[in-house]
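Visitor: I would like to learn how to read a protein model, one feature at a time. Where do we begin?

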Amino acid sequence: MFITDIRKEFYEVVANQRVALLVASDIDALCACKILQALFHCDQVQYTLVPVTGWQDLGTAFLEHKEQFQYFVLINCGANVDLLEMLQPDDDSVFFICDTHRPVDVVNVYNDTQIKLLIKQEDDLGVPSYDDIFRDEDDEEGGDSGNESEDGSEPSGKRRRFDEGAVERRIDRQRAKREWEARRREILFEYEQYEYHGTSAAVMLFELAWVLTKDTKDMLWWAIIGLTDQWVHDKITHMKYVTDIATMQRHVSRHNHRNEDEENSLSIDCMRISFEYDLRLTLYQHWSLYESICNSCYTTCIFKLWTLNGQKKLQEFLADMGLPLKQVRQKFNSMDMSIKENLKDVIEESSNKYGMKDIRIQTFGVHFGFKNRFLAIDMVHATAALLESTEKDESNSDNFIKALDSLSRGNLDRLHSGIDLAKKKLIAIQQTVASCICTNLILSQGPFLYCYLMEGTPDVKLFSRPMALTLLCKYLLKAFVHSARNKRCKLLPLIMAAPKDVEKGTVIVVGIPPESETSDKKNFFGRAFEKASESTSSRTLHDNFDTSIIELKTEDRSKFLDALITLLS
Amino acid sequence: MEALYEQNQTDVNEAKADGRAELIPSIKLRHCCLLRNQRCLTAYLYDRLLRIRALRWEYGSVLPANVRFHMCAEEVQWFTHYKKSLASFMRSLGGGEGLDITQDMKPPKSLYIEVRCLKDHGEFEIDDGTVILLKKNSQHFLPRWKCEQLIRQGVLEHVMS
């Protein structure tokens, strides 16, 4: 059931108890976890934090901890599946779910005792009404048996008449039941067809902190990072991002009004969050401007930097702005001050000429100490790179801990190592995109586009992780749309496969919706993958919390694809 | 050392019996060697003693079996005596009520601390009877006094944010 008063129904319930936190492995979940941890530290609520990467992990963690804990808080996992059936908990376990995955499973919505959803009901949910899906079986059977006992007590003459009446009524009832069931199946199919994301979990928990008036700038910054993660990984529409940014902006101004007091100004070491209408060049403040332009999705796709023509246009662009190549290629911090001062406006003016209307994006930046300035987008990329780093001997939970640490202000060296990893990841993505487009690796299979990364591709290990592969997928689709001539191909969704585990012989398959300006980011591949896998009995593992990402045995790849083609055409 | 001592003994007897004065420097040399070896051994034994004393502060009053395996019987006895004198000292503090000074080696900042588990340690029981499963890379928020032992042993790590 949905929680209306988050303070009374969630926080005050767990405040005196011990809680188990089961947190999924994405940046939004990490930020939400940090906010909740900070609140728990304030109020000395004992908790245990366990990272989970998929449904199996969730099941194991639950089994291990169910004896010791009564209250479980699930962050970014658990809303889109019938949780009670999956975990089989005891009757006194209570689950608080703060998840961005939609659609929320109907059983979770209508269970009153064990499942509490920390989700805003204004979020366009479209949950079917109770009567359309659930029906009390007792009324019907009571009616039947009542009629039959009546029939039994009547004498035989009247019995025939009554029998006919009873039989007719029973036939009517059965027909009504079949119709109801058919309608129910239709409603459920429509409801569960598309997968999408709702308000960020970090923003939800920040609002809890705000209601308790225990919010701090650190928590606000984490909420902003959580929201930016949803935008960077293309989980929410641009409209929703802008609306949520406006909400965050109100909180930022509320926290910032202390800065303006001339007499008691804050020390330079204090954290300052500011609204920035900044450039969409990833990591440009921690890299050189040239590298950043060459490795950001937006600029690469519009200039088409994988072609010679594109390179020339880039040189023209830089010349147009009057930026000398020597300046542009050195580290951003060492660029001439005179160039840095008006950089954003100069770039915006020039980019309008070259067709890049949205080179600037609304975001937030943080500033503490003399050297440390970070944009929310930079932090998201750094933490994502740490979370999915493919170094040897590092398990998923090691990476989770490193990424969680990098979000604290005291662990700047972690953050800087994350930024370095993110740079490598971005370069790898751009090179892979360039090679895929130049060698025409993207094939149109009819209802969708398909691309397979061969095993020998450089940096293919990086793409065995779901978030990195999804990012590559989105960049590739954008690049393809910009470079393809066929108008029809531009409206197709993309499925991408990359080798995941060479010893076990599996590939990871990701499906994303078609690229368009007004896309509502609704993904139907979750259900499609399930159906295709069933119909061909391929060996698949639907372990990820995002149903559009699955693991598949390499040998079953072709029959799986064929099934998908027949399913979707 | 025994070999040196035997040789010295024979030489001394010889010197006394035959009056051979030229053996005296070699006797003196061997004697100096013996004294030096004795000093080394006592330094080693004293160092072991200091470490055993530190063990009491690190592990508490019950030593794990693998540590006790490496101690000889006299050292175990010494340890028991040390334990007893420390316990009677602690009992005498705080106006007859007793104070456990092996807790809180650094001034505590808060009642509960956040710890991260560095290795799988299995189940761990805290004061109110609840059991916590310490699995690698899980984080917990626990009362400080229960965690100190495990932090010293290296199973848990204090996370400062």
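Guide: Begin with a stretch of chain and ask how far apart its ends lie. This model is predicted. In chain B, the end C-alpha atoms of residues 109–160 are 11 Å apart, and this span is 19% helix and 42% strand.

Visitor: Which annotation covers residues 109–160 of chain B?

Guide: The UniProt record, an unreviewed entry, labels residues 109–160 of chain B "domain: DNA replication complex GINS protein PSF1 C-terminal". A second label from an unreviewed UniProt entry, "domain: GINS subunit", covers residues 22–93 of chain B.

Visitor: How far apart are the end C-alpha atoms of residues 22–93 of chain B, and how much of the span is helix?

Guide: They lie 64 Å apart; helix makes up 85% of the span and strand 0%.

Visitor: Now chain A. How many helices and strands does chain A have?

Guide: Chain A contains 23 helices and 16 strands.

Visitor: How do I read a sheet?

Guide: Take the strands in order and look at the direction of their pairing. In chain A, one open sheet has the order S8-S9-S10, with antiparallel pairing.

Visitor: Why is one side of S8 and of S10 in chain A left without a neighbour in the sheet?

Guide: S8 (272–279) and S10 (372–375) of chain A are the edge strands; each has a single partner strand, so one side of each has no neighbour there. On average, neighbouring strands of this sheet are turned by 30° against each other, direction ignored.

Visitor: How many bridges join S9 to S10 in chain A?

Guide: Four bridges link S9 (residues 360–368) of chain A to S10(A), and the two run antiparallel. Within this pair of strands, A:Gly365 stands opposite A:Leu375 of S10(A).

Visitor: Which helices lie across these strands?

Guide: Helix H17 (residues 343–353) of chain A lies across S8 and S9 of chain A, at about 30° to S8(A). Helix H20 (residues 412–438) of chain A lies across S9 and S10 of chain A, at about 50° to S10(A).

Visitor: How do I judge the chain as a whole?

Guide: Compare its radius of gyration with that of a compact globule. For 569 residues such a globule would have a value near 25 Å, and chain A, with 27 Å, agrees. The C-alpha atoms of chain A fill a box of roughly 105 × 60 × 45 Å along the principal axes.

Visitor: What percentage of the residues in chain A is buried?

Guide: Buried residues account for 54% of the 569 in chain A. The exposed area of chain A is about 26,000 Å², with 48% of it from carbon and sulfur atoms.

How values were computed. Residues are numbered from 1 along each chain as its sequence is written. Chains are lettered from A and ligands numbered from 1 in the order in which they are written. This is a predicted model: local features need pLDDT of at least 70, side-chain atom pairs count only at pLDDT 80 or more; totals for chains, interfaces and linings use all residues. Side-chain values use heavy atoms; hydrogens and water are left out. Two strands pair if DSSP finds at least two bridges between them. Axes are lines fitted to C-alpha atoms, for helices over the stretch in contact, and angles run from 0 to 180 degrees between N-to-C directions. Contact means heavy atoms within 4.5 Å. The radius of gyration is taken over C-alpha atoms; the globule rule is 2.2 Å times the number of residues to the power 0.38. Buried means under 20% relative accessible area, exposed over 50%, partly exposed in between (1.4 Å probe, protein chains only). Accessible areas come from the Shrake-Rupley method with a 1.4 Å probe; for residues, only the protein chains shown count as cover. UniProt positions are given in the numbering used here, feature names are shortened, and annotations may be inferred rather than shown by experiment.
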